[in-house]
Amino acid sequence: MTTKNAIIMAAGKGTRMKSKLAKVLHQVCGKSMVDHVLTQVEATHMNNIVTIVGHGADDVERALGARTKYAAQTEQLGTGHAVLQAEPLLKDADGMTLIVSGDTPLFRAETFEELFEYHQAKGAAGTILTSDAPDPQGYGRVVRNHLGIVEKIVEQKDAGEEERKIHEINTGVYCFDNQKLFAALHQVTNDNAQGEYYLTDVIQIMKDQGDVVAAYRMADFDESMGVNTRSALATATKVMQRRINEQHMEDGVSIIDPDATYIDAGVKIGADTIIEPGVVIKGKTTIGEDCFIGAHSEIHDMVIEDRVRVTASFLEDSIMHQDSNIGPYSHLRPQAEIGEHVHLGNFVEVKKAQIGARTKVGHLTYVGDATLGKDINVGCGVVFINYDGVNKHHTNVGDSAFIGSNSNIIAPVEVADHSFIAAGSTITDDVNFHDMAIARARQTNKPDYWKKLPHEKENM
Ligand code: UD1
Ligand code: CA
């Protein structure tokens, strides 16, 4: 087997993004562009992967971790100079080297494999991956001679009027014979419009020395798209969004309006789940089978089991066990654990709390820092008061308790199994098994109060 090496160029600043963040760390569907690239490169089973880092090097290394080796490019003198920084790590390697930019997030591993095959079949020293751009503005153009053989690549800024009319572009992905690549890179100069060392010049250098240079033209331009601006980032996100949604639909998920459904890369969804328009699903979320995710729900880092119904709610970093439901207009904050068949109705907020099976919290309630057992009924407008201004305190409520509407439960307090809290109570002390707690002012009625009112006196 031929040794396969890969170099990912990710040192550039991305001036056109006008951002404090290194360009390659901008996200497409919840994952940085360079991570998308690395993920696809990994799928081609490389022997060595080197990422060239410069701008935001620490951030890029933190984002990608030990999945790749790193070579520093302290000054960004161009893509040719970038690749040369990998020489100390790759100079003894045989075989071929794939080069990809960190700002082309849509490439698929299958395309890299096709490039390897073509490169090997042609016995080439270097093969460029090209595509036909509807609008080639900003890309390097592929110049072919009258026989259709690649002569060179001309950058936008160096291109003459005729060359600018060429629609075949350099995608920025290449496959090279590793040894020949570094030999040629030493001959690249910065004599061009941008004063940079262009990697693309390697093509002409190889040709001039009689090596075979090939070009593999891929069918789908969208996949090769480079992101240099915020506008291109939005376009790339649209393409990725469509790709992610198509995959879920193929796996048996119903997505009512894929153009209006935003699902991050890496989210898992079971078959026969239905997702309505305007839904946003982010991070490490997993959703089971036969769920219903209603319009305008936003879901972050959640575990949602089978047959859960979510209606127009905001859920983060929590678990909903099977057959539970929530909403409309409710909020799970981090560390909520919602038991099987639990019903959470409208305007309910739950934070750092466990709610046992079949418990109902129907309306206008805050449950924070609490453990609720099974089969509890929590009335309307109940507040678990967890904060004394300095510390948070915890409340436990036992199985089958009944908490009347508009009660305040001031933590820390223990409410036992099968106990009752009368509506409107402010509970500060524990409630025992089978007891009822009532903690509110007793009602007094003033007889004939009506007659004491001024207008009544005038009529008398
Ligand atoms: C490059 C190609 C162009 C191609 C396009 C495809 C060159 C000279 N041009 O242009 O032919 O059509 O990609 O998207 O290669 N980088 C470094 N160090 C540097 C400069 C760049 O690591 O000194 C990295 C950037 O972070 C980026 C990648 O290389 O990930 C490409 O650089 P960029 O400046 O975006 O090149 P383009 O102008 O898009
Ligand atoms: Ca680019």
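This note covers the two annotated binding-site residues in a predicted model.

1. Basis. Residues are numbered from 1 along each chain as its sequence is written. Local features need pLDDT of at least 70, side-chain atom pairs count only at pLDDT 80 or more, and side-chain values use heavy atoms, without hydrogens or water.

2. Annotation. An unreviewed UniProt entry marks Asp103 and Asn228 as "binding site". Such annotations may be inferred rather than shown by experiment. The two span 126 residues in sequence, yet their C-alpha atoms are no more than 7.4 Å apart, so they gather at one spot. The lining of the largest pocket includes both Asp103 and Asn228. (A pocket is an open set of 1 Å grid points where a 1.4 Å probe fits, with protein on both sides within 12 Å along at least five of seven lines; lining residues have an atom within 4 Å of a point.)

3. Asp103. This residue sits in the loop between strand 6 (96-101) and helix 5 (109-122). (Helices are DSSP runs of H or I, at least four residues; strands are runs of E, at least two.) Asp103 counts as buried because its relative accessibility is 12%, under the 20% limit with a 1.4 Å probe. Beyond four places in sequence, its contacts (heavy atoms within 4.5 Å) include Met33, Val227 and Asn228.

4. Asn228. The loop between strand 11 (213-217) and helix 9 (230-250) holds Asn228. Among its contacts outside four places in sequence are Arg16, Met17 and Asp103.

5. Lys23. The lysine 23 side chain makes a polar contact (N or O atoms within 3.5 Å, one able to donate a hydrogen and the other to accept it) of 2.8 Å with the aspartate 103 side chain. Another, of 3.0 Å, joins the side chains of lysine 23 and asparagine 228.

Methods:
Chains lettered and ligands numbered in written order. Buried < 20%, exposed > 50% of the residue type's maximum accessible area, 1.4 Å probe, protein only.
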